[in-house]
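Please consider the following model, beginning with its sheet and continuing to the residues that pack around it.

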Amino acid sequence: MSQTNELPYYTVDEVSEHDNEDDCWIIINDKVYDVTPYIDSHPGGKGLVEKTAGKDATNAFYVESEHSDTARGLLVKYLIGQIKQE
């Protein structure tokens, strides 16, 4: 699923149901990522990921923590969908 238009759509409410370390989805720039497999490997600790679980993490990802190009590239691996605009 390399193109955005091929990705399934999720509502913000659907994403919010995936809000813990065992089932962790986040939203960044209206795209949905299942970062569950990565949470234990996060260099800043899983607590930083958990606080945005089930939520829009765009600000946390780009502003609160300036992630590297490597980190931004890693996101692609966890991309599962996009936000359905309501």
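The paragraphs below treat the strand order, the pairing, the nonpolar cores and one buried polar residue.

The model is a predicted one. Its strands include an open sheet of five, arranged in the order β1-β5-β4-β3-β2 and paired in a mixed manner. The edges of this sheet are formed by β1 (9-10) and β2 (19-20), each of which pairs on one side only. As a general matter, the strands of a sheet are paired by backbone hydrogen bonds, in either a parallel or an antiparallel arrangement.

At one edge, β1 runs parallel to β5 (residues 79-83), and two bridges join these strands. Here Y10 has I83 of β5 as its bridge partner.

At the other edge, β2 is antiparallel to β3, again with two bridges. D19 lies opposite C24 of β3, and a hairpin of two residues connects β2 to β3. On its way through the sheet, β3 also pairs with β4 (residues 31-34), in the antiparallel sense and over four bridges. Within this pairing, I27 faces V32 of β4. The two strands β3 and β4 form a hairpin with two residues between them, and N29 in the turn has a positive phi of about 50°.

How much of strand β3 (residues 23-28) is buried? Five of its six residues are buried, so β3 is largely enclosed by the rest of the structure. The cut-off behind this statement is a relative accessible area under 20%.

The burial of β3 leads to the nonpolar cores. The largest of them has twelve residues, namely C24, I26, I28, Y33, V35, I39, V49, A53, A57, F61, L75 and Y78. To this core β3 contributes the most, with three residues. V35 illustrates the packing: beyond its neighbours within four places in sequence, V35 is in contact with C24, I26, V49 and Y78. Apart from the largest core lies another, of six residues, including Y10, V15, W25 and V32. In a regular strand, side chains alternate between the two faces of the sheet.

A polar residue deserves separate attention. Q82 is located in strand β5. Is Q82 buried or exposed? Its relative accessibility is 8%, so Q82 counts as buried. The side chain of Q82 reaches the backbone oxygen of L7 at 3.3 Å. The side chains of Q82 and Y9 are also joined, by a polar contact of 3.5 Å. Y9 lies in the residue range of edge strand β1 (9-10), and β1 is joined by two bridges to β5, the strand that holds Q82.

Terms used:
Residues numbered from 1 in each chain as written. Predicted model: local features only at pLDDT ≥ 70, side-chain atom pairs only at ≥ 80, totals over all residues. Heavy atoms only, no water. Pairing = 2+ DSSP bridges. Buried < 20%, exposed > 50% of the residue type's maximum accessible area, 1.4 Å probe, protein only. Core = buried A, V, L, I, M, F, W, Y, C linked by side-chain atoms within 4.5 Å. Contact = heavy atoms within 4.5 Å. Polar contact = N/O pair within 3.5 Å; in protein donor to acceptor, adjacent residues only side chain to side chain.
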